[in-house]
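Subject: Handover of a structure for your review

Dear colleague,

Please find below the structure that I am passing on to you. My notes on what was found in it follow directly after.

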Amino acid sequence: MTELTFHPNDITHIVWDWNGTLLDDNHANLSAVNAVCAVYGREPVEIDHWRSIFRRPLIPLYEELLGRPLTTGEWARLEKIYDEDYLRHLPSCRLAQDVPDLLLDWAGTGRTQSLLSMASHDHVVPLIAERGLAAHFTRVDGRRYDTEVDSKAEHLVHHLEAQGVDPAGVVLIGDIDDDARAARAAGAHSILVSTGLMAPERLAATGSPVVESPAAAVRALCGR
């Protein structure tokens with residue numbers, strides 16, 4: 001792992017990302033992307049290629065992937081194709097290694113944690129409950145509305161304000177560069193895990209610490 005850019009004793013609260021962080025769903029994401037490719041006549045992509053280009057905002061990403069602008073109404077159709085295929089594979093997605101033990105380890109330090117996802121709120125909340133994880137978090141939020149820049153930043157600000165949590169004592173643990181940007185914009189810290197949808201070298205370019213797993217992030221925060 002790369003060195004922490006803050007002192008772990010200053011952290012009182014973790015905000016966890018879900019997809020690609022606590023949930024190992026890369027294969028479901030890739031299948032859904034390739035379902036979109038099949039409908040739009042593009043050759044399927046490999047996971048390494050997807051991890052090399054994945055980013056937010058999503059619309060320009062898919063326009064690059066498909067090689068043309070999306071016309072009015074096409075984004076909604078594309079999302080439907082993606083979501084339907086992803087949901088077919090969701091039951092096969094496992095929790096990341098050492099979950100929920102790592103959540104218990106963090107709680108054992110007397111500090112708190114919550115979850116914020118850019119997946120829709122109505123999708124995430126019941127899924128966290130079904131996986132038996134809801135009791136570990138002080139709050140669970142998914143995306144309740146779309147933002148102009150398609151970033152987690154505004155959602156993170158609201159997530160922390162709703163809990164009365166000081167961003168200076170918060171670390172957001174996620175798997176893409178937008179997690180680092182969101183934390184910075186909110187006045188929080190971030191640690192990025194290399195298990196998700198973005199290649200490690202792209203994560204490192206954010207300047208945030210990069211670790212190989214969520215468990216490694218907790219170990220670093222606990223000084224181990």
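The lining of the largest pocket draws at least two residues from each of α1 (26-39), α3 (58-66), α4 (74-89), β4 (112-120) and α8 (177-186). Of these, α4 gives the most, with seven residues. Please note that this is a predicted model.

The largest pocket has a volume of about 930 Å³. Its lining comprises 38 residues, and those nearest the centre of the pocket are Arg56, Leu58, Met118, Ala119 and Arg143. By residue class, the lining holds 17 nonpolar, eight polar and 13 charged residues.

Two of the elements named above, α3 and α4, also pack against each other: their axes are 12 Å apart and the angle between them is about 85 degrees. An angle from 65 to 115 degrees counts as roughly perpendicular, and α3 is therefore roughly perpendicular to α4. On the α3 side the contact is formed by Leu58, Ile59, Tyr62 and Leu66, and on the α4 side by Trp75, Leu78 and Tyr82. The residues of this contact are seven nonpolar, with no polar and no charged ones. Leu58 thus appears twice in these notes, in the contact with α4 and among the residues nearest the centre of the largest pocket.

A second helix pair involves α8, which packs with α7 (residues 153-163) at an angle of about 50 degrees, the axes being 8 Å apart. The two helices are therefore oblique to each other, and α7 passes α8 in a right-handed crossing. Here Ala153, Leu156 and Val157 of α7 meet Ala182, Ala183, Ala185 and Ala186 of α8. This contact, too, consists of seven nonpolar residues, with no polar and no charged ones.

Some features of the backbone also deserve mention. The peptide bond that leads from Arg56 to Pro57 is cis, with omega near 5 degrees. Pro57 is placed in the loop between α2 (47-53) and α3, while Arg56 is one of the residues nearest the centre of the largest pocket.

A further cis peptide bond runs from Val99 to Pro100, with omega near 15 degrees. Pro100 belongs to the loop between β3 (94-95) and α5 (101-107). Asp98 is found in the loop between β3 and α5 as well; although Asp98 is not a glycine, its phi is positive, at about 75 degrees.

With kind regards

Technical notes. Residues are numbered from 1 along each chain as its sequence is written. This is a predicted model: local features need pLDDT of at least 70, side-chain atom pairs count only at pLDDT 80 or more; totals for chains, interfaces and linings use all residues. Side-chain values use heavy atoms; hydrogens and water are left out. On a 1 Å grid over the protein atoms alone, a cavity is a set of points where a 1.4 Å probe fits but cannot get out, and a pocket is an open set with protein on both sides within 12 Å along at least five of seven lines; lining residues have an atom within 4 Å of a point. Grid points are joined across faces, edges and corners, and a volume is the space filled by probe spheres set on the points. Helices (H or I, at least four residues) and strands (E, at least two) are DSSP runs, numbered from the N terminus. Ala, Val, Leu, Ile, Met, Phe, Trp, Tyr, Cys and Pro count as nonpolar, Asp, Glu, Lys and Arg as charged, and the others, Gly among them, as polar. Axes are lines fitted to C-alpha atoms, for helices over the stretch in contact, and angles run from 0 to 180 degrees between N-to-C directions. Angles under 35 degrees count as roughly parallel, over 145 as roughly antiparallel, 65 to 115 as roughly perpendicular and the rest as oblique. A crossing is left-handed if the near helix is turned anticlockwise from the far one by less than a right angle, and right-handed if clockwise. Contact means heavy atoms within 4.5 Å.
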